[in-house]
Amino acid sequence: MRRKANIYNDTVNFDRWISPKLMGCFHSKTPRHAQGYEEPTILAAETPFTVSDVEALFELFKKISSSIIDDGLIHKEEFQLALFGNRNKKNLFADRIFHLFDYKRNGVIEFGEFVRSLAVFHPDGPLTDKITFSFRLYDLRQTGYIERGEVGLLLVLLKP
Ligand SMILES: [Ca+2]
């Protein structure tokens, strides 16, 4: 992916989402999109992705989010289907990833959540975001500490 100046420095502070959403209300010519859709230009400005990267991610998002229910949102079963080819295959690791992607905690992954979460894996993504994401992945019980049992459990799950 092309390099681009990174202006996305804080995964924890998501307040800035509110203003792009309000601005979106005034664009009457914008085609109707599902809840959680955000303009590629906005997402590209906030992440290391380019506008064409975000457009390509939207194609992927559309494919995953329509695999079971075509509602423009990725539900847990669609996520499992995309990862394992099986909608019913549960896995603690996949559960944690889904939970971290669903940072609005409404049980589904919206397009904005999808792009901002994938930005963490971009080579140009800020290191602090990568560290925060990894920490939260291992902090299974969400206590703010990674305990011995949690590391053990994930190591067992990741064993080939
Ligand atoms: Ca869906």
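**Entry 1: helix α3**

Which exposed residues does the face of α3 turned away from its buried side carry? I looked there before anything else, and I found Ser52, Glu59, Leu60 and Lys63 on that face. A reminder to myself: this is a predicted model.

Next I checked the other side of the helix. The buried residues of α3 are Asp53, Val54, Phe61 and Ser65. They sit on the same side of α3, because the arc they cover around the axis is only 95°. I then asked what these buried residues pack against, and the partners are α2, β1 (74–75), α4 (76–84) and α6.

I also looked at the length of the helix. α3 has 15 residues, and its first and last C-alpha atoms lie 20 Å apart, close to the 21 Å expected at 1.5 Å a residue.

**Entry 2: Lys63**

I stayed in α3 for one residue, since Lys63 lies in that helix. Is Lys63 buried or exposed? I counted 11 other C-beta atoms within 10 Å of Lys63; the cut-off for exposed is 12 or fewer, so Lys63 is exposed. I noted one distance as well: the C-alpha atoms of Lys63 and Ile74 are separated by 9.6 Å, with these positions eleven residues apart along the chain as the spacing.

**Entry 3: the core**

I moved on to the largest nonpolar core, which has 17 residues. The members that touch the most other members are Leu43, Phe49, Ile74, Ile109, Phe114 and Val115. Two or more residues each come from α2 (40–46), α3 (51–65), α5 (92–101), β2 (108–109) and α6 (111–119). Of the elements, α6 gives the most, with four residues. As background, nonpolar side chains in soluble globular proteins tend to be buried together.

I picked Phe114 for a closer look. Leaving out residues up to four places away in sequence, Phe114 touches Leu57, Phe61, Ile74, Phe101 and Ile109.

**Entry 4: α4 and what follows**

Which residues of α4 are buried? I found Glu78, Phe79 and Gln80. Their cover includes α3, β1, α5 and β2. Just after α4, I saw that Gly85 takes a positive phi of about 70°.

Further along, Asn91 lies in the loop between α4 and α5. Asn91 has 13 other C-beta atoms within 10 Å, so this residue is partly exposed. I checked a long-range pair too: Asn91 and Leu157 are 66 residues apart along the chain, yet their C-alpha atoms are separated by 8.1 Å.

**Entry 5: the annotated domain**

I looked up the UniProt record, an unreviewed entry, which places "domain: EF-hand" at residues 89–124. Over residues 89–124, I get 53% helix and 6% strand, with the end C-alpha atoms 32 Å apart.

**Entry 6: the whole chain**

How many helices and strands does the protein chain have? I count eight helices and two strands. From the N terminus on, their order is α-α-α-β-α-α-β-α-α-α. Of the 160 residues, 22% count as buried. Among contacts between residues at least 6 apart in sequence, 53% join residues at least 24 apart.

Last, I checked confidence. The mean pLDDT of the protein chain is 82, and 79% of its residues reach 70 or more. Over residues 5–30 pLDDT stays under 50, and there the model has 17 contacts beyond four places in sequence.

Note on methods:
Residues are numbered from 1 along each chain as its sequence is written. This is a predicted model: local features need pLDDT of at least 70, side-chain atom pairs count only at pLDDT 80 or more; totals for chains, interfaces and linings use all residues. A nonpolar core is a set of buried Ala, Val, Leu, Ile, Met, Phe, Trp, Tyr and Cys residues joined through C-beta atoms within 7 Å. A residue is buried if 20 or more other C-beta atoms lie within 10 Å of its own, exposed if 12 or fewer, and partly exposed in between; C-beta atoms are placed from the backbone. Two residues are in contact if their C-beta atoms, placed from the backbone, lie within 7 Å. UniProt positions are given in the numbering used here, feature names are shortened, and annotations may be inferred rather than shown by experiment. The expected span of a helix is 1.5 Å times one less than its number of residues. The arc is that of the directions from the helix axis to the C-beta atoms. pLDDT is the predictor's confidence in each residue, from 0 to 100.
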